[in-house]
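Student: Please take one part of this model and examine it closely. I should like a connected account of how that part is built and what surrounds it.

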Amino acid sequence: MKHISVLVPRGDAALGTIEGPFKFFLFVNDFLAAMGRAPAFDVQLVGMTADPQKYSGVFTVVPDVTIQDLKKTDLIIIPAVNGDRDSVIEMNKSFFPWIIEQHERGAEVASLCVGAFLLAATGMLNGKSCTTHWMSAPDFKNMFPEVNLMDNRIITDENGVYTSGGANTFWNLLVYLVEKYIDRQMAIYTTKFFMIEIDRNTQSPFIMFTGQKEHEDEEVRKAQEFIERSFQDKITVDQLSEMFAIGRRSFERRFKKATSNSVVEYIQRVKIEAAKKSFEVSRKNVTELMYEVGYTDTKAFRSTFKKITGLSPNEYRNKYNKSQISA
């Protein structure tokens with residue numbers, strides 16, 4: 001039987017990422033019992049102390065055990081924590097030595113959504129890949145440049161160190177763990193019971209690109225603003241570098257450093273974001289919208305759209321356009 005420790009962090013936390021995994025693994029035990037099989041999990045809420053923690057000023061969670069008393073566990077789950085990142089990390093840093101020690105003794109560790117900030121603060125993600133909520137990606141990259149953030153992913157697994165993408169994608173990680181710890185049959189059963197889409201691997205369709213402007217390079221910021229105003233036109237790197245009187249190589253280097261995207265990638269993301277918004281509300285066909293956002297090559301547009309969103313233009317429109325849904 002695997003012992004699972006769901007952390008009860010200090011500060012504000014997303015209650016669903018504490019209650020969700022706690023109840024999920026207990027439900028799996030019930031499913032196994034109904035099949036005449038032995039329970040697989042012993043689940044406990046684990047705090048730095050035994051003090052109850054209150055979230056959103058309303059919901060109180062009482063730890064079952066403290067890190068001082070729990071000597072051995074098999075899986076540590078770090079829930080999503082809210083508020084100022086530095087403050088949250090400071091409030092919960094007493095967890096870190098215990099998490100590291102347990103991992104060195106063989107325990108696996110999983111962060112849910114922005115719980116990745118706590119996991120990264122332990123140093124355990126250095127040189128590894130991880131994911132988190134796509135909206136928190138810029139902050140994460142700034143705080144933890146030594147971590148390979150793959151913010152389009154739903155799940156990462158680095159030899160027993162797991163992370164999940166934003167919000168409710170943590171359910172997909174829980175299902176992934178059930179398949180790993182028990183079997184595929186039980187994983188499928190849980191997805192049907194909880195109505196979770198199995199084997200999702202990208203949060204790209206949910207990402208809303210707003211540009212990365214929290215930097216100090218004024219010329220790059222002006223270039224970004226020009227791209228966003230003129231996305232209907234054909235924009236080239238040479239055109240932008242000449243506009244701001246910066247050598248092409250220097251401009252590309254500065255742009256990448258400031259935004260984490262190459263100039264071409266940024267232009268593509270702005271154009272595709274405009275196309276996405278049109279697909280959500282318009283009845284225009286793919287070709288019409290392609291021209292509206294400055295593409296003239298259908299194959300290139302479809303390829304770029306799928307690369308960025310994980311869906312074809314038609315799949316995206318069918319998923320998010322109300323007229324398509326009700327048709």
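Tutor: Buried here means under 20% relative accessible area, exposed means over 50%, and partly exposed lies in between (1.4 Å probe, protein chains only). By that criterion, 49% of the 327 residues in the chain are buried. The model is predicted, so local features need pLDDT of at least 70 and side-chain atom pairs pLDDT 80 or more, whereas totals for chains, interfaces and linings use all residues. Numbering starts from 1 along each chain as its sequence is written, and side-chain values use heavy atoms, without hydrogens or water.

The setting comes first. The chain has 15 helices and 13 strands (DSSP runs numbered from the N terminus: H or I of at least four residues, E of at least two). Its C-alpha atoms fill a box of roughly 65 × 45 × 35 Å along the principal axes. Among contacts (heavy atoms within 4.5 Å) between residues at least 6 apart in sequence, 63% join residues at least 24 apart.

The part chosen is helix α10, residues 248-259. This helix has 12 residues, and the distance from its first C-alpha to its last is 16 Å, close to the 16 Å expected at 1.5 Å a residue (1.5 Å times one less than the number of residues). After α10 comes S260, which has a positive phi, near 70 degrees.

The two sides of α10 can now be described. F251, F255, A258 and T259 are its buried residues. Viewed down the axis, these residues fall within an arc of 75 degrees (taken from the directions between axis and C-beta atoms), so they line one face of the helix. An α-helix has 3.6 residues a turn, so residues three or four places apart point the same way. R249, R253 and K257 are exposed on the face of α10 turned away from the buried side.

What does the buried side of α10 pack against? Its buried residues pack against α8, α9 (237-243) and α11 (263-281). Consider the contact with α8, residues 218-229: the axes of α8 and α10 come within 10 Å and cross at roughly 85 degrees (lines fitted to C-alpha atoms over the stretch in contact, with angles from 0 to 180 degrees between N-to-C directions). The two helices are therefore roughly perpendicular (65 to 115 degrees). On the α8 side, E219, V220, A223, Q224 and I227 take part, and they meet F251, R254, F255, A258 and T259 of α10. This contact comprises 6 nonpolar, 2 polar and 2 charged residues (Ala, Val, Leu, Ile, Met, Phe, Trp, Tyr, Cys and Pro are nonpolar; Asp, Glu, Lys and Arg charged; the others, Gly among them, polar). F251, F255, A258 and T259 thus appear both among the buried residues of α10 and in its contact with α8.

Helix α8 also contains F226, which is buried with a relative accessible area of 17%. Beyond its neighbours within four places in sequence, F226 is in contact with I235, Q239, L240 and M243. The C-alpha atoms of F226 and S94, 132 residues apart along the chain, are separated by 46 Å.

Another helix allows a comparison with α10. In α14, residues 313-320, the buried residues are P313, Y316 and R317. Their arc around the axis is only 95 degrees, which puts them on the same side of α14.

Key:
Angles under 35 degrees count as roughly parallel, over 145 as roughly antiparallel, 65 to 115 as roughly perpendicular and the rest as oblique.
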